[in-house]
Amino acid sequence: MKVLVPVKRVVDFNVKVRVKSDHTGVDIANVKMSMNPFDEIAVEEATRLKEKGVAAEVVAVSCGVAQCQETLRTAMAIGADRGVLAQTDVELQPLAVAKILAALAQKEQPQLVILGKQAIDDDANQTGQMLAALLDWPQATNASKVEVQGDRVQVTREVDGGLETLSLTLPAIITTDLRLNEPRYVTLPNIMKAKKKPLETVSPADLNVDPAPRLKTLKVVEPPSRSAGVIVPDVAALVDKLKNEAKVV
Ligand code: AMP
């Protein structure tokens, strides 16, 4: 069984992003970039399926600029066997990514595609769902447990009231939630080994996909800054403020 894992290069989660002065987006010049954390979980899960003998091959895919190669090398250091870069300088929105991934899925014929539930830069939470719709494959989002059983996959999802378990026929689309697993540390020997793994580059045009954005960002602004807190001398003063200033009691 082949598993396809889409990995996105995003601003590292430790970076405090700054809005550009012209309000067209956030400044990513000279900012540390990393693999989207939910995608690390997806690569880890696919690698565990391979280690269990369930998956035969794990293919990492990234869509975007040439530097996404670094993200693919990280995926290969975790355990992916090879990488495919769909290279473009065009700003990619979830629908364009889903179309590229659908074309690659037609070509690669994986039994499972494991994506992150959302990218921490745009927080769209759309690509997996759009991909499932384009391919007309079953989908299970926000997975906290994945078990492949013959030609089906059982996926446990955390929902408001508890846990929901779905059984999907393969091929299927899964998106990962935080509690699915804890990705391993990438070791130096594995980083060295990853450098020798195959990495293929294609363009959206090779896949007959027009990646042009369909949505226009009108304005990006910082959230309003919060005013400083005050220390009240005693409980009576607190109750007074809650009653007369905040008017919540
Ligand atoms: P989003 O819908 O943008 O929140 O992204 C959800 C998931 O889709 C991510 O966690 C990735 O697995 C995948 N994805 C989104 N954009 C890309 C990209 N440019 N390259 C590869 N995978 C992507």
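Let's start with one residue pair: Glu158 stands opposite Leu163 in strand E9. Strand here means a DSSP run of E with at least two residues, and a helix a run of H or I with at least four, numbered from the N terminus. The model is predicted, so local features need pLDDT of at least 70 and side-chain atom pairs count only at pLDDT 80 or more, while totals for chains, interfaces and linings use all residues. Residues are numbered from 1 along each chain as its sequence is written, and side-chain values use heavy atoms, with hydrogens and water left out.

Back to that pair of strands. E8 (residues 152–159) and E9 (residues 162–169) run antiparallel, joined by 8 bridges; two strands pair if DSSP finds at least two bridges between them. Together they make a hairpin, with 2 residues between them.

Follow the chain past E9 and you reach the loop leading to strand E10 (172–176), where Pro171 is found. The peptide bond between Leu170 and Pro171 is cis, with omega about 0°. Another backbone oddity to look up is His23, which has a positive phi of about 60° although it is not a glycine. His23 sits in the loop between strand E2 (9–11) and strand E3 (33–35).

Now for the ligand. There are 18 residues around it, and Asp39, Cys63, Ala119, Asn125 and Thr127 come nearest; a residue counts as near if one of its heavy atoms lies within 4 Å. Sorted by class, this shell holds 8 nonpolar, 7 polar and 3 charged residues. Nonpolar covers Ala, Val, Leu, Ile, Met, Phe, Trp, Tyr, Cys and Pro, charged covers Asp, Glu, Lys and Arg, and the others, Gly among them, are polar.

Here are some polar contacts of the ligand, meaning pairs of N or O atoms within 3.5 Å:

| Residue | Protein atom | Ligand atom | Distance |
|---|---|---|---|
| Asn36 | side-chain N or O | oxygen | 3.0 Å |
| Gln126 | polar backbone atom | oxygen | 2.8 Å |
| Thr127 | side-chain N or O | oxygen | 2.7 Å |

The protein covers 98% of the 480 Å² of accessible area that the ligand has on its own, by the Shrake-Rupley method with a 1.4 Å probe. Which elements give two or more residues to the shell around the ligand? They are strand E4 (57–64) and strand E6 (112–116), and E4 gives the largest share, 3 residues.

Technical notes: A polar contact is a pair of N or O atoms within 3.5 Å; within protein, one must be able to donate a hydrogen and the other to accept it, and residues adjacent in sequence count only if both atoms are side-chain atoms.
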